[in-house]
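Okay, thanks for coming, everyone. Let me put the structure up and then we'll walk through it together.

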Amino acid sequence: MSSHAATAPDVQTLDNFIGGRWVKAQTSEFFDVHNPAVGEVIGRTPLSTAADVDAAVQAATKAFPAWRDTPVNTRAQVLYKVKQLMEQHFDEMARIVTTEHGKTLDEARGSVRRGIECIEVAAGAPSLMQGFALEDIAAGIDCHVVRQPLGVAAAIAPFNFPAMVPMWFLPFAIVTGNTFVLKPSEQVPLSQRKMMDFLQKADLPPGVVNLVNGGSEVVNAICDHPGIRAVSFVGSTPVAKHVYQRGTHAGKRVQALGGAKNFVVVMPDADLDRSMGAISESFYGCAGERCLAGSMLVPIGEVHKEARERLVESAKALKVGDGTQPGVTMGPVISAKHRERVLGYIEKGVADGAKLLVDGRQARVPDRPNGYFVGPTVFDEVSPTMAIGHEEIFGPVASICPVKTLDEAIALMKSHPNANATSIFTTSGKAAREFSKHATASMVGVNIGVAAPMAYFPFGGAKDSFFGDLKVHGRDAFEFYTDKKVTISRWF
Ligand code: NAD
């Protein structure tokens, strides 16, 4: 929290969006938002308080009765309008994402597209929200089940997908008749500010969606507030666990998605000519700041040497720079602090005896001397006991951990507490089947490097990568945001 922004007159302080209006946060504390490619402050996030959360919950509570009584297809119409606005402003939205987060414009476009797809799936609510019924469960008695909204739902987002992750929740929550409070990451609040403008333009009634900017105080207030019925969280494992425990302790329905350490297994029979692009993209796409990013490359047997050489070649071919510039294939990491953290892991890797094959510490981008760049990095001979072999780095660092058999690779994955995503590269159906069956991670790629379920399938991991029952988007979202009410009737 530097004071730099406070003195720069052109740097905007963000407001909260409550009851259909932009209002000042009740705080004197702010977080500086940076453009990580240039290292400049581009905004100030207010670190809102429990009082701001309360104001948002009151607005959402007030809006709930009329919104839940609004016909479901009318609610869906609002989403069609929002989609249209997002399509019209697609490139603008992607540019905001690149500016606040650092990923390349292509990556940002991909993430905005994924966000729009969530809106499209949620707009299917008239079909997907339906209940079910059975007549004559006893003589003259019928039973029917309807799905009803819960009330006020809240979502807390991480920094790595500023436009997409909030869309995992917002459209599903409101189309099912809930009202909503969103807390974006304080590091990347700008695309969600734009989103609120779209919702307003789409004639969403005031109070149906509210946005409270801030950090941990807002998160804790959301967990504790008695007016909130459901909480969705995406972020690191320790905070996911905290939110799950605190939210469920307060009697809420909670889904909390945590961190990852993803294993990418390469079988000796893998078609590397066709796979290397996907493998490299898994490790270095979005500068490794993806919960689905490959972290450990696990070559089996004799393929070790070739997989290593090809990964080194791919890493060296990447062009690091400002994601808005043409030709750049990898942007900076999110912040100076995170850069230090990733560099710290590279130091630890060296100190622990891993073999550094490509060293990203020296990455320099001449026309962006103050950007938070880390170059693609490759370590070989990494063991799971090393920090780089065990902890989530969340940066462009690939660790190669060779093993002899597929069973060993699976055992390696099983021994890790996280279980988000994993991939296998092979031409053997049998190996793929074995792997997929026994993988602890619940998002599995077969010859796919980033196993990201589309908006109509469930998204989420297992073990310490996911706390809760119902996953994100797809049919699970309709389960999460509704209560099943059963009516049993007899008419005389
Ligand atoms: P983070 O846990 O630091 O922050 C996430 C959210 O929690 C933010 O809104 C932040 O304001 C809040 N927060 C941070 N510290 C807190 C605390 N002590 N108490 C209460 N609230 C707190 O995560 P991040 O750095 O923004 O995002 C990166 C992490 O998110 C990585 O671990 C990544 O794997 C994970 N992630 C997971 C998924 C998934 O689907 N499982 C998706 C995206 C990101």
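Quick one to wake you up: which residue in E18 is the bridge partner of Phe263? It's Thr422. And before anyone asks, yes, what you're looking at is a predicted model, so keep that in mind throughout.

Let's stay with that pair of strands for a second. Phe263 and Thr422 are bridge partners, and the strands here are E12, residues 262-266, and E18, residues 421-425, which run parallel and share four bridges. Now zoom out to the sheet. It's an open one with seven strands, and if you read across you get E14-E15-E16-E13-E12-E18-E19, with mixed pairing. At the edges sit E14 (355-358) and E19 (443-446), each of them pairing on one side only. On average, neighbouring strands in this sheet are turned by 20 degrees against each other, if you ignore direction.

There's another open sheet, with three strands. The order is E5-E6-E22, and this one is antiparallel. Its edge strands are E5 (132-138) and E22 (482-490), again with each pairing on one side only. Here the average turn between neighbouring strands is 25 degrees, direction ignored. E5 and E6, the latter being residues 141-149, pair over four bridges in the antiparallel sense, and if you look for the bridge partner of Leu134 in E6, you land on Cys143.

Right, on to the part I suspect you all want, the ligand. Why do we say it lies between the two domains? Because domain 1 (4-258 + 465-489) and domain 2 (262-446) both give residues to the shell around it. That shell has 26 residues, and the closest are Ala157, Glu186, Ser236, Gly258 and Glu392. By type, you've got 14 nonpolar, nine polar and three charged.

For the polar contacts, start with the backbone. Ala157 puts a backbone N or O atom 2.7 Å from a ligand oxygen, and Phe159 has a backbone N or O atom at 3.0 Å from an oxygen of the ligand. Then there's a side chain: a polar side-chain atom of Glu392 is 2.6 Å from a ligand oxygen. As for cover, the ligand on its own has 840 Å² of accessible area, and the protein covers 84% of that. If you want to know which elements give two or more residues to the shell, they are helix H9 (216-224) and strand E10 (228-234).

Okay, that's me done. Over to you.

Note on methods: Residues are numbered from 1 along each chain as its sequence is written. This is a predicted model: local features need pLDDT of at least 70, side-chain atom pairs count only at pLDDT 80 or more; totals for chains, interfaces and linings use all residues. Side-chain values use heavy atoms; hydrogens and water are left out. A residue is near a molecule or strand if one of its heavy atoms lies within 4 Å of it. A polar contact is a pair of N or O atoms within 3.5 Å; within protein, one must be able to donate a hydrogen and the other to accept it, and residues adjacent in sequence count only if both atoms are side-chain atoms. Accessible areas come from the Shrake-Rupley method with a 1.4 Å probe; for residues, only the protein chains shown count as cover. Ala, Val, Leu, Ile, Met, Phe, Trp, Tyr, Cys and Pro count as nonpolar, Asp, Glu, Lys and Arg as charged, and the others, Gly among them, as polar. Domain bounds come from an automatic or database domain assignment. Two strands pair if DSSP finds at least two bridges between them. Axes are lines fitted to C-alpha atoms, for helices over the stretch in contact, and angles run from 0 to 180 degrees between N-to-C directions.
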